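Let's take a look at the salt bridges in this one and see where their partners sit.

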Amino acid sequence: MQKHRAFVALGSNLQNPELQVGNAINELNELPQTTLIKASSLYKTSPVGYDNQPDFINAVAEVETALNAPELLDALLALENSHGRERPFPNAPRVLDLDLLLFDDVSMQTSILTLPHPRMHLRGFVMQPLVEIAPDVIIPNIGKVSDIAVSYAGQSVEIVNPDKKKA
């Protein structure tokens with residue numbers, strides 16, 4: 001059975017966001033044929049796209065999985081739904097948001113999935129947690145995570161509990 005390396009962004013700004021993200025990190029380990037390898041610290045970040053909402057708690061996790069990319073995406077969407085995710089409008093406040101960022105070194109674009117995530121390298125709330133756990137990872141057609149993350153060091157991305165790392 002082939003194992004794949006994938007990275008998942010987690011975010012929440014409703015219903016105790018630290019708890020939501022922390023629980024979701026642990027629940028990644030419960031997905032079928034998937035093992036949590038490590039997770040970043042939690043980061044408090046300002047909203048992007050729609051500003052009239054609470055700040056977010058964000059993190060990034062690395063998993064190893066025997067699922068293919070669309071199967072992993074389906075499992076992530078099911079996990080969001082189990083937390084009560086609703087999608088009333090783009091960038092709306094949310095209980096849990098899970099984005100598949102990277103899957104091995106796959107580049108693909110379908111009607112339901114684009115890899116690597118098309119905006120991940122533009123978002124400090126993704127790049128800062130990602131550089132914490134995987135600075136040497138290469139984003140296909142973009143570059144090395146540690147090189148990209150430097151440009152987001154001044155953004156409103158603040159580590160929440162640096163002494164309470166997961167996994």
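Is D136 buried or exposed? D136 is exposed, at a relative accessible area of 56% (buried means under 20%, exposed over 50%, partly exposed in between, with a 1.4 Å probe and protein chains only).

A quick word on the ground rules. This is a predicted model, where local features need pLDDT of at least 70, side-chain atom pairs count only at pLDDT 80 or more, and totals for chains, interfaces and linings use all residues. Residues are numbered from 1 along each chain as its sequence is written, and side-chain values use heavy atoms, with hydrogens and water left out.

On pLDDT (the predictor's confidence in each residue, from 0 to 100), the chain averages 89, and 90% of the residues score at least 70.

The structure has four salt bridges, meaning a side-chain nitrogen of Lys or Arg within 4 Å of a carboxyl oxygen of Asp or Glu. Here are three pairs, including the one with D136:

| Pair | Closest N to O |
|---|---|
| R5 and E62 | 2.8 Å |
| K44 and D55 | 3.9 Å |
| D136 and K144 | 3.5 Å |

Take R5 and E62, which pair up in a salt bridge. R5 belongs to strand β1 (residues 4-12) and E62 to strand β4 (residues 56-65), so their contact ties together parts that are 57 residues apart in sequence. Strands here are DSSP runs of E, at least two residues, numbered from the N terminus. R5 is partly exposed at 39% relative accessibility, whereas E62 is buried at 7%.

As for K44 and D55, K44 is partly exposed at 38%, and D55 is partly exposed at 35%. Back at D136, its partner K144 counts as partly exposed, at 31% relative accessibility.

Key: Helices (H or I, at least four residues) and strands (E, at least two) are DSSP runs, numbered from the N terminus.
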